[in-house]
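Hi,

Here is the model I promised to pass on. Have a look at it first, and then read on for my notes on what turned up.

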Amino acid sequence: MSHAHDLSSSDLAAVAQAFLLHGHFISGAPYGSGHINDTYAVIFDQAGTRVRYILQRINHNVFRDVPALMENIARVTSHAAKRLAAEAHPDASRRALTLVPTRDGRPYHRDAAERWWRCYLFVEKGRTYDIIERPSQAAEAARAFGAFQHLLVDLPGARLHETIPGFHHTRQRFERLRQAATADAHGRAAAAKDDIAFAFQRENMVDQLLDLQARGELPERITHNDTKLNNVILDDATQAAVCVIDLDTVMPGLAPYDFGDMMRTATNSAAEDETDLSKVQMRLPIFEALVTGYLESAGAFLNATERASLVFGGMLMTYEVGIRFLTDYLAGDVYFKIKRPHHNLDRARNQFALLRQMEQHRPAMEAFVRQARP
Ligand code: ADP
Ligand code: GN1
Ligand code: MG
């Protein structure tokens, strides 16, 4: 998406003013490398101590109903906080995101320019990784996402809102690619001819999990749906997973989607937009660490079909985001933030290269899951 320009520090000061923050604003600057929201770290002086907060402009083009989205997030974060309090966890405010309310008590702020904002406590002494460096980091992150799913098994109240309808409905994603390729609104289809062909050749993937769901073999759960490895904060000192973040897509979904997007993002030895495709290698030891970590926290509640679908889930998520990048390229870069022309095409090619590798390693990966315990 061609996004709003980064806001100046004084604009951020005005936005921060809407939230119930004590002390006075010192500075603010863009933070992180997400593709969707505009994230800023802001610093306040509170009676002589500098405290950071995350101020996030919610992408309203992507999330059409921000009040519904924020209702989901408020329910999920307060459920997590209650659980941590019940366990008397010593580090509770780093373990789950904490929303800072506005001065009038709401979980979000709409500014005069009709932009939507929220504010979180900044989880300090940790960071996210775009490229996982070691299997132990993968195991930690996977354990955290599994624990997050476990936490939400008993979320009270109504079904969560679908913040993006059909988010992982791969059939719909496929049909949108077909439409974008046919319309070719920006004259880009010729340049992406081989990539479009690659996607079309794998159409048989798109209905497999949806069919298992329709037959009742894959249960609907509350899932995170964006388990990209840079959506979990690892502790600087111990490398333990501290906090699952980026809760915009927490909603009904399937367990293999969550395992799958971890597999997609953690096993890749290169960045998601690396253009030297010889660097895109599927790392089997990282895969094995993901399975081990995930089953430690999720093994007890997964059914046999979910377990048997984990590897395919990773292939499907890689394919799905590949076709989403390709569709966005053909449609003129309207969804994902880009930093250069053809950025979305580069990302699609990278994901398709990774998928080819997964296809080769699939038997070994399936064998590993079959023998894994618990
Ligand atoms: P996006 O949807 O654009 O990916 P995220 O919510 O993932 O947005 O935030 C982008 C980045 O900001 C994250 O990858 C992480 O590095 C950082 N971040 C987000 N929330 C926090 C937080 N509460 N504490 C510390 N860092 C955070
Ligand atoms: C987006 O928000 P972020 O950058 O963590 C996208 C995911 C994609 C991912 C690809 C809401 O994730 O679905 O898998 O980019 N999030 C949304 O990097 O579309
Ligand atoms: Mg993110």
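Let me begin with the pocket: the space that ligand 1 takes up is the largest pocket. Bear in mind as you click around that this is a predicted model.

Which elements give two or more residues to the shell around ligand 1? Those are β3 (49–58) and β5 (116–121). In total, 20 residues surround ligand 1, and the closest of them are N37, Q56, V123, T128 and D246. Split by class, that shell has 10 nonpolar, 9 polar and 1 charged residues.

As for where ligand 1 sits relative to the domains, it lies between domain 1 (9–124) and domain 2 (135–371), because both give residues to its shell.

A few polar contacts to ligand 1 are worth pulling up on screen:

- T128 has a polar side-chain atom 2.9 Å from an oxygen atom of ligand 1.
- L121 uses its backbone instead, with an N or O atom 3.0 Å from a nitrogen atom of ligand 1.
- N230 has a polar backbone atom 3.2 Å from an oxygen atom of ligand 1.

How much of ligand 1 does the protein cover? On its own, ligand 1 has 550 Å² of accessible area, and the protein covers 95% of that.

Now for ligand 2. The largest pocket is also the space taken by ligand 2. Around ligand 2 there are 17 residues, with H35, K228, E272, R324 and Y335 the closest. What is the make-up of that shell by class? Its residues divide into 7 nonpolar, 4 polar and 6 charged. So you can compare the two yourself, the shell around ligand 1 has 1 charged residue.

Helix α11 (residues 310–330) provides the largest share of the ligand 2 shell, namely 3 residues. Both domains take part here too: domain 1 (9–124) and domain 2 (135–371) each supply at least three residues to the shell around ligand 2.

For the polar contacts of ligand 2, try these side chains:

- Y335 places a polar side-chain atom 2.5 Å from an oxygen atom of ligand 2.
- N231 has a polar side-chain atom 3.2 Å from an oxygen atom of ligand 2.
- R264 has a side-chain N or O atom 3.2 Å from an oxygen atom of ligand 2.

Of the 440 Å² of accessible area that ligand 2 has on its own, 97% is covered by the protein.

One more residue to look at is K337, which is in the loop between α11 and α12 (343–371). What does the side chain of K337 reach at 2.5 Å? That would be the backbone oxygen of N37, and N37 is itself among the closest residues to ligand 1. The K337 side chain also makes a polar contact of 2.8 Å with the side chain of D38.

Finally, two bits of backbone geometry. A47 is not a glycine, yet it has a positive phi of about 50°; you will find A47 in the loop between β2 (38–46) and β3. The other one is the peptide bond from R373 to P374, which is cis, with omega near 0°. P374 belongs to the segment after α12.

That's everything from my side. Shout if anything is unclear.

Cheers

Methods
Residues numbered from 1 in each chain as written. Chains lettered and ligands numbered in written order. Predicted model: local features only at pLDDT ≥ 70, side-chain atom pairs only at ≥ 80, totals over all residues. Heavy atoms only, no water. Near = heavy atom within 4 Å. Polar contact = N/O pair within 3.5 Å; in protein donor to acceptor, adjacent residues only side chain to side chain. Areas by Shrake-Rupley, 256 points an atom, 1.4 Å probe, with all protein chains shown as cover. 1 Å grid on protein atoms, 1.4 Å probe; cavity = no way out; pocket = protein on both sides within 12 Å on 5 of 7 lines; lining within 4 Å. Sits in = over half its atoms within 2 Å of the grid points. Helix = DSSP H or I, 4+ residues; strand = E, 2+ residues; numbered from the N terminus. Nonpolar A, V, L, I, M, F, W, Y, C, P; charged D, E, K, R; others polar. Domains from an automatic or database assignment.
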